[in-house]
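Got your viewer open? Let's take a walk through this one together, one selection at a time.

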Amino acid sequence: MVLGGAGADGTGCVLQGRDAAMDGALAALYGQDGGRRGDGGGGRTAGLGASAPHVARWLGDIRTYFPASVVQVMQRDAIDRLGLATLLLEPEMLEAVEADVHLVGTLLSLNKVMPETTKETARAVVRKVVEQLEKRLATRARATLAGALDRSARISRPRHRDIDWDRTIRANLKNYLPEYRTVVPERLVGHGRAAQSVKKEVVLCIDQSGSMAASVVHASVFGAVLASMRAIDTRLVVFDTAVVDLTDRIEDPVDVLFGTQLGGGTDINRALAYCQSRITRPAETVVVLISDLYEGGIRDGMLKRVAAMKASGVQFVSLLALSDEGAPAYDREHAAALAALGAPAFACTPDLFPDVMAAAIEKRPLAIPDMAEQR
């Protein structure tokens with residue numbers, strides 16, 4: 001398969017049956033001279049061009065011959081290499097593709113030019129991906145954050161009725177007296193009296209420039225997860241050169257995603273100014289900025305706002321990306337400036353995001369990845 005079936009490969013072998021079909025699907029996308037080449041045994045050629053029927057047939061072929069993870073890579077390459085994004089405006093085409101985060105990003109970038117006949121199909125595709133992400137991420141996120149909230153709410157000098165006896169006994173096992181068969185409770189652990197009230201406020205401030213598409217998708221899912229927790233008051237803000245508060249849609253990530261507009265410029269300072277104006281309990285607030293830090297607004301103003309928020313007691317987290325895509329491109333000068341303020345910027349995978357949020361809620365030092373590994 002690596003050598004292919006064309007006569008130019010020098011092997012004298014001709015691919016047959018399934019192997020020939022797989023080779024044709026690969027040649028249609030990756031072949032030379034516009035994706036056309038013969039197989040030396042019948043003049044077989046392959047190519048996608050911009051023909052919707054050909055593309056639909058090809059999408060069916062690759063789903064037949066390759067696993068879903070490979071199909072997603074090939075679809076992404078087809079959109080990038082052959083400019084097939086506009087074909088996704090056709091409902092029939094959307095029904096044929098393998099849905100993933102990258103496809104959602106492409107659909108969101110086309111949202112404003114998408115005809116009404118396609119929008120319902122597009123929403124169904126986006127919802128499928130969102131539900132897959134929620135299934136993967138939500139349970140662990142809720143468990144991790146609930147534990148962090150519980151720990152932050154415990155009190156060390158509780159009233160008798162507020163003592164958490166299970167945790168108190170475990171905390172004092174070293175004080176067990178065998179002769180009396182009892183534990184001496186030197187340290188009491190109590191339940192927080194406000195266990196059912198809002199203890200923390202979280203502001204997700206998300207850069208919706210085109211390069212942040214995967215991060216926007218994951219952040220929207222996590223926003224819905226956070227909003228479902230009674231002990232967290234969550235605000236979700238997206239921005240480019242304008243700022244849009246989508247908190248009223250936060251319970252449905254699909255509504256959030258279709259409320260974004262991927263692309264355009266970036267004004268981080270303006271976005272942070274809005275977020276800062278909505279903070280009422282600084283010591284109990286976590287602000288998460290998700291951006292590649294390519295600032296089009298006032299750089300010094302951005303840094304001053306971060307410094308002011310931190311000085312007031314806000315826990316500030318700056319994520320260069322919230323995705324599984326590896327090392328992101330980002331403005332290193334701005335990242336270094338934030339680090340100097342005690343707000344280091346780093347990339348984070350969705351699986352690690354709950355741990356980052358738990359550390360911020362408990363005001364523990366964040367586990368910062370080695371920035372050299374992200375370059």
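Where in the chain is the place of Ser209? Select Ser209 and you'll land in the loop between β3 (200-207) and α9 (213-227). Keep in mind as you click around that this is a predicted model.

**Stop 1: Ser209 and its company**

Is Ser209 buried or exposed? Its relative accessibility is 7%, and buried means under 20%, so Ser209 counts as buried. Now show what is around Ser209: leaving out residues up to four places away in sequence, it touches Leu262, Gly263, Gly264, Thr266 and Asp292.

Pick Thr266 from that group next. Thr266 sits in the loop between α10 (253-258) and α11 (268-277). With 10% relative accessibility, Thr266 counts as buried too. Set aside its neighbours within four places in sequence, and Thr266 is in contact with Asp207, Ser209, Phe239, Asp240, Thr241, Tyr294, Glu295, Gly296 and Gly297.

**Stop 2: helix α11**

Carry on along the chain to α11, and colour its buried residues: Ile268, Asn269, Ala271, Leu272, Tyr274 and Cys275. What covers them? Switch on β3, β4 (232-239), β5 (243-245), β6, α12 and β7 (315-322), which are among the elements that do the covering.

**Stop 3: helix α9 and its partner**

Go back to α9, on the other side of the Ser209 loop from β3. α9 has 15 residues and reaches 21 Å from its first C-alpha to its last, close to the 21 Å expected at 1.5 Å a residue. Of those 15 residues, 14 are buried, so α9 is largely enclosed by the rest of the structure.

Now add helix α6 (residues 101-109) to your selection. At what angle do α6 and α9 pack? The angle is about 105°, and the axes are 8 Å apart. That makes the two helices, α6 and α9, roughly perpendicular to each other, because angles of 65 to 115 degrees count that way. To see the contact itself, show Val101, Val104 and Gly105 on α6, then Ala213, Ala214, Val217 and His218 on α9. Colour these by type and you get five nonpolar residues, two polar and no charged.

**Stop 4: another helix pair**

For a second pair, select helix α1 (residues 17-30) and helix α4 (residues 68-82). Their axes come within 10 Å and cross at roughly 35°. On the α1 side, show Ala25, Leu26, Ala28, Leu29 and Tyr30; on the α4 side, show Val73, Met74, Asp77, Ala78, Arg81 and Leu82. The residues in this contact of α1 with α4 divide into nine nonpolar, no polar and two charged.

**Stop 5: the nonpolar cores**

Which residues have the most contacts inside the largest nonpolar core? Select Trp58, Leu88, Leu107, Val288 and Phe353, and you have them; the core has 79 residues. Helix α7 (residues 116-153) gives the most to this core, with twelve residues. There is also a second, separate core of 26 residues, and Ile279, Leu289, Leu320 and Leu338 are included in it.

Zoom in on Val288 while you're here. Not counting residues up to four places away in sequence, Val288 touches Val203, Leu204, Cys205, Val317, Leu319, Phe353 and Met357.

**Stop 6: two unusual turns of the backbone, and a strand**

Find Leu293, in the loop between β6 (285-290) and α12 (299-311). Its phi is near 70°, a positive value in a residue other than glycine. With 0% relative accessibility, Leu293 counts as buried.

Then jump to Lys363, in the segment after α14 (353-361). Here phi is near 60°, again a positive value in a residue other than glycine. Lys363 counts as partly exposed, with 42% relative accessibility.

Now try Leu177, which lies in strand β1 (residues 176-177). At 30% relative accessibility, Leu177 counts as partly exposed. Beyond its neighbours within four places in sequence, Leu177 is in contact with Thr182 and Val184.

**Last stop: zoom out**

Show the whole chain as a cartoon. How many helices and strands does the secondary structure come to? You should find 14 helices and eight strands. Across the 375 residues of the chain, 47% are buried. As for contacts with a separation of 6 or more, residues 24 or more positions apart account for 74% of them.

Definitions and conventions
Residues numbered from 1 in each chain as written. Predicted model: local features only at pLDDT ≥ 70, side-chain atom pairs only at ≥ 80, totals over all residues. Heavy atoms only, no water. Core = buried A, V, L, I, M, F, W, Y, C linked by side-chain atoms within 4.5 Å. Buried < 20%, exposed > 50% of the residue type's maximum accessible area, 1.4 Å probe, protein only. Helix = DSSP H or I, 4+ residues; strand = E, 2+ residues; numbered from the N terminus. Contact = heavy atoms within 4.5 Å. Axes fitted to C-alpha atoms, helices over the stretch in contact; angles between N-to-C directions. Parallel < 35°, antiparallel > 145°, perpendicular 65-115°, else oblique. Nonpolar A, V, L, I, M, F, W, Y, C, P; charged D, E, K, R; others polar. Expected span 1.5 Å × (residues − 1).
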